[in-house]
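Here is a small set of exercises to work through at your own pace. Have the sequence and the coordinates open, and try each task before you read its solution.

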Protein chains: 2
Amino acid sequence: MALRKSDVVDAALRFLDIEGLDQLTMRKLGASLNVHGGALYRHFPNKEALLDAVADKIVQDMGDPLPDSPWTDQVEILGNRLRTALLSHRDGARVVAGTFAPGVNTIVGSDMAVQVLCRAGLPPAQAGWVTFALFYYVLGHTIEEQAQRQLPSDNNWRVRNERLDVQVSPQFAVALDSLWDTDPAERFQYGLRVFVEGLSHLAAPSAQQTRPASGDATREAPGKRGNLAR
Amino acid sequence: MALRKSDVVDAALRFLDIEGLDQLTMRKLGASLNVHGGALYRHFPNKEALLDAVADKIVQDMGDPLPDSPWTDQVEILGNRLRTALLSHRDGARVVAGTFAPGVNTIVGSDMAVQVLCRAGLPPAQAGWVTFALFYYVLGHTIEEQAQRQLPSDNNWRVRNERLDVQVSPQFAVALDSLWDTDPAERFQYGLRVFVEGLSHLAAPSAQQTRPASGDATREAPGKRGNLAR
DNA sequence: ACCTGAACACCGTTCAAGT
DNA sequence: ACCTGAACACCGTTCAAGT
């Protein structure tokens, strides 16, 4: 039979979809390949390395060529691409979040994001920081999506919140409800757009400096955007 | 002696600072309280509930009153406050990220963020989405900060990247270096500002509509998602 | 009510021995 | 080279029994 690394990764992905990350143990994964758990250590030094390989396979399409669109669209495409990749396997987001050592696909994808952001006018260092920021947003959002998807419907924030008997503002109550009533994709899109909107103002020299680029946040003169308060 | 819940939480926080999350087991935590591991189940139904309580204690100051500043500053203050709270205990970010059931302090803090964003002009639902987006960013950034802090210096992305022998762009190489050369606080601040900048343009009706406020992102660039549609 | 002692049902990982 | 079988050193959790 002679198992290959890729066989183990494929089996792990299949196992993930059926049983979920919490059930994925070396013994059970081995059993799904008609092999003892210990045998997997011929192919991976430990479970972490195995999951790193699984994570990198999950994000394998991130580096696909981008359409020749405005950079704002390209950033949104990358964000959506990552979300789609994470959602395409059960607990995919948690697996990728737990990655310790980035793999080839992760690096290629990040590189692509950095380049898009540089073309948008960001210095390379800042492009890197922003790439991570976007990554964190997508990961966090998708982890929550996948957690919510597997939750019994009587076990949500709203209910918990009531049980804890905390006084919350009416706005917060509405906000909480919207987490359960609104399509996750729409929520995701909104956050992504906020980010891109901020970038388009900080990255473009012409539109820059509506606020100081650095310095103490508390220093700024009040009232600049006071007209928004209602 | 008669242990209280708060004694256990305090001991867990102390244990965390000394040994880290990976070493925190029920047996060892019990031992640090001169008690067997099983005894902790008189105070918490399971380890998860215990860690939830620890997480909520970590973010206990989030709801402190905010200065009467512009909402942009208030958002940045909340972000910095959360980061500071997470950094104040070893593996604090990972503990909070693993929270299943939000506690009182988490709810109060979120509520505060939602209200700030509503005053900025966002509808409550969107304010909630944005609050989560900010939360994800801070968590992700801080988890990475704390991971980096505990890493041997020969074990970073740059080195890994070379070992994997992936071709990366010169911009990406610079970006990677900056992750190790730049003060994490500065990187954090930058991402926060991008976010706030985006908000200040999406939340204010007057400054809005530099891009469509809603709609399908795919609409602007036809065919771009063909590779994602599985 | 709170804790001990001991067990149950697992883990990840290692390694001599087989093929 | 790859896998088995069995062990090692742990886990979280439960529960009768003690105090």
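The exercises below deal with a predicted model and go from aromatic rings to DNA strands and confidence.

**Exercise 1. Classify the ring pair formed by W129(A) and Y190(B), and find where its two members lie.**

Solution.
- Step 1: a search over all chains of the structure gives seven aromatic pairs, and the pair of W129(A) and Y190(B) is taken up here.
- Step 2: a pair of aromatic rings is described by the distance of the centres and the angle of the planes.
- Step 3: the centres of W129(A) and Y190(B) are 5.6 Å apart and the planes stand at 80°, so this pair is edge-to-face. The cut-off needed here is a plane angle over 60 degrees.
- Step 4: W129(A) belongs to helix α7 (residues 124-149) of chain A, while Y190(B) belongs to helix α10 (residues 184-202) of chain B, so the pair joins two chains.

**Exercise 2. Decide whether W129(A) and Y190(B) are buried or exposed.**

Solution.
- Step 1: the cut-off for buried is under 20% relative accessible area.
- Step 2: W129(A) has 7% relative accessibility, so W129(A) counts as buried.
- Step 3: Y190(B) has a relative accessible area of 17%, so Y190(B) is buried.

**Exercise 3. Describe the ring pair of F132(B) and Y136(B).**

Solution.
- Step 1: the ring centres of F132(B) and Y136(B) are 6.0 Å apart with the planes at 45°, so the pair is tilted.
- Step 2: both residues lie in helix α7 (residues 124-149) of chain B, four residues apart, which is about one turn of the helix.
- Step 3: F132(B) and Y136(B) are both buried.

**Exercise 4. Find the ring over which the charged end of R83(A) sits, then look at R83(B).**

Solution.
- Step 1: in chain A, the ring is that of F188(A), and the charged end of R83(A) is 5.3 Å from its centre.
- Step 2: in chain B, R83(B) lies over the face of F188(B), 5.3 Å from the ring centre.

**Exercise 5. Describe the protein surroundings of DNA strand C.**

Solution.
- Step 1: 17 residues are around DNA strand C, and those that come nearest are R27(A), Y41(A), K47(A), H36(B) and H43(B).
- Step 2: helix α2 (residues 26-32) of chain A gives the most to the nearby surface, with three residues.
- Step 3: of the strand C atoms within 4 Å of the protein, 43% belong to sugar or phosphate and the rest to bases.
- Step 4: polar backbone atoms lie by phosphate oxygens of strand C, at 2.8 Å for H36(B) and 3.4 Å for L3(B).
- Step 5: a side-chain N or O atom of R42(B) is 3.2 Å from a base nitrogen of strand C.

**Exercise 6. Do the same for DNA strand D.**

Solution.
- Step 1: of the 17 residues around DNA strand D, the nearest are H36(A), H43(A), R27(B), Y41(B) and K47(B).
- Step 2: sugar and phosphate make up 48% of the strand D atoms that come within 4 Å of the protein.
- Step 3: the largest share of the nearby surface, three residues, comes from helix α2 (residues 26-31) of chain B.
- Step 4: a polar backbone atom of H36(A) is 2.8 Å from a phosphate oxygen of strand D, and a polar side-chain atom of K28(B) is 3.5 Å from a phosphate oxygen.
- Step 5: a base nitrogen of strand D is 2.5 Å from a side-chain N or O atom of R27(B).

**Exercise 7. Find the residues of chain A over which pLDDT stays under 50.**

Solution.
- Step 1: chain A has a mean pLDDT of 88, with 86% of its residues at 70 or more.
- Step 2: pLDDT stays under 50 over residues 206-230 of chain A, where the model has 43 contacts beyond four places in sequence.
- Step 3: where pLDDT is low, the predicted coordinates should not be read in detail.

Technical notes
Residues numbered from 1 in each chain as written. Chains lettered and ligands numbered in written order. Heavy atoms only, no water. Phe/Tyr/Trp six-rings, centres within 6.5 Å; stacked < 30°, edge-to-face > 60°. Buried < 20%, exposed > 50% of the residue type's maximum accessible area, 1.4 Å probe, protein only. Lys NZ or Arg CZ within 6 Å of the ring centre and 35° of its normal. pLDDT = per-residue confidence, 0-100. Contact = heavy atoms within 4.5 Å. Near = heavy atom within 4 Å. Polar contact = N/O pair within 3.5 Å; in protein donor to acceptor, adjacent residues only side chain to side chain.
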